[in-house]
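Here's a quick tour of one model, from its confidence scores to a helix and a serine. Have the structure open as you read.

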Amino acid sequence: MPAWLSPLLYYAASMLYIYMTYALSQSQTPPLWFGADAVERSVRLWLYTNSLVAGGFLLFAVHRGGVGVFSWARKHLLLVTAAGVLAIFSSMGTTASLPALGLLMLTAGYFAGGAHYVSAMTIPAPYRGRFLGGAITLTVLIQYLLSSGGKDVSGYLLMLVLLCLSFLAFRSFTALDARLQTAANDQSSMDERNVPPSPRFIAMLIVMVSCLAALHGCGDIMALKHYAQFDESLFHDTARLFFPAGIIAAGCVADYAQRKYLLSVTALALLLRIISLLTTNTQDMFFLAQSTEYFIDSFCIMSYTLYFMDIAPLSDKPSLWAGMGRTLALPISALSANVFALILDNFSLPGFMAAYVLILALLNLFFYHAAFRDWLEIPAYERNAAEVPAPVIPVEPTGAPIPAAAIPLPETVTASGDSLAAVTHDLAYYQQKFDFTRRELDVLTGILEAKTAITIAEELGIKERTVRFHISNILKKTGLTHSAELKLFLPLCKK
């Protein structure tokens, strides 16, 4: 069985668990708890459920592998799910079903936290966007087939699906987590590629995801109030299928050029969403607006999820950061929708659009500025094996490899002074071949001159940790694991 299949099925199952639980909350919650108005009820219920799911993400991050009631709940996920579903159906229409719904939401978040952790640790970064696109597409299609017409889910069918998913979740997570622990124990301590992400980069991601989620929530409440004026019979179930189409497109955009265009495309999608709402004035354009809504939402979800999943394998707390994007986005988007709902009627539309565009423009300006990216220390991804040229290793006449210490290095690497022009020419070749940045070339020069990280940091006027970060990126781009290999590999890659 392919190594990616088990994580994909586990992730799809976790997302299906969340979607089914959301469907249950929509169909079983009495209106009086969250208001009589349909829009008001939707956004308040959304805040309640999203906050609990985010709480489940945090519970997994804190208690993974620990002891106590949450570890017991993970091992007995089937019993917890059964108790929650039965409590909801037995107390339907009463206030007792609200805490039962909360129990299911926490369980769904805990389940999904494990799925994000496993996916971040098992799927290589260059394929992670398409992996998420495939897993979520599988989830949406199954949900669409299980529901009657894509909307209402049978209560008994929902209960059966949740029980089956909880059983599969425990079996899958136990096997995958054991495999991850074994891989972590076997990892070589000489691998210099794994440098933890800088606090500045993590802080930037938190700000970026929070801003995107807040804008997303404002757009959601605008959409709810805008669509309330149309006849619900105009809604076509097939519009939901634009979401898997969008999530696959978002995954391809994310994997292209190492996430280079993901933020800009997401910002453009959020802007187009508002424009589509403002231009939908007739019944005939309702289906087009709904399809656009689902398609654009997928890019936001991909951005929230992927940026933090990328830094999880590099950090010392992968279970925390793997699901942090969804942990932040879920409550923030719902909270912004509730706040904006209170002021929407008295809010100036031109002022809102100006602030909307300004925030998106500033995010892109800072995130894509070369000097700012260098200051953030944004890590590079490991290249595919096919993209890294294999070095030509000299051999003895008997066929045995010559020890690295016995191989004389080219003059351009060891010489200085008169050979400086040759060294510069070689660095230009390496930059073109491996796409090194200017700062990475400065660090590489120091490595080839046999300087330590501390010495390089002093000469360049940067921190030693920043030097090690650049060494990590150089090694990922060349496919090596230690800086000592660069002296041998780089001259031979020209042959």
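pLDDT is the predictor's confidence in each residue, on a scale from 0 to 100. It matters here, as this is a predicted model. The chain averages a pLDDT of 75, with 69% of its residues at 70 or more. Two stretches fall below 50, and the table sets them out with their contacts.

| Stretch | pLDDT | Contacts in the model |
|---|---|---|
| residues 65–70 | below 50 | five, beyond near neighbours in sequence |
| residues 399–425 | under 50 | 21, beyond four places in sequence |

Where pLDDT is low, the predicted coordinates shouldn't be read in detail.

Now for helix α19, which spans residues 453–460. Which of its residues are buried? They are A453, I456 and A457. Because they cover an arc of only 100° around the axis, they sit on the same side of α19. That fits the general pattern: an α-helix has 3.6 residues a turn, so residues three or four places apart point the same way. E458 and E459, on the other side of α19, are exposed. The cover over the buried residues includes α18 (438–448) and α20 (464–478). Just past the end of α19, G461 adopts a positive phi of about 70°.

Last stop: S119, which belongs to helix α5 (residues 97–122). Is S119 buried or exposed? With a relative accessible area of 0%, S119 is buried. Its side chain reaches the backbone oxygen of A115 at 2.8 Å. Leaving out residues up to four places away in sequence, S119 touches P7, Y11, R128, F131 and M309.

Definitions and conventions
Residues numbered from 1 in each chain as written. Predicted model: local features only at pLDDT ≥ 70, side-chain atom pairs only at ≥ 80, totals over all residues. Heavy atoms only, no water. Helix = DSSP H or I, 4+ residues; strand = E, 2+ residues; numbered from the N terminus. Buried < 20%, exposed > 50% of the residue type's maximum accessible area, 1.4 Å probe, protein only. Polar contact = N/O pair within 3.5 Å; in protein donor to acceptor, adjacent residues only side chain to side chain. Contact = heavy atoms within 4.5 Å. Arc of directions from axis to C-beta.
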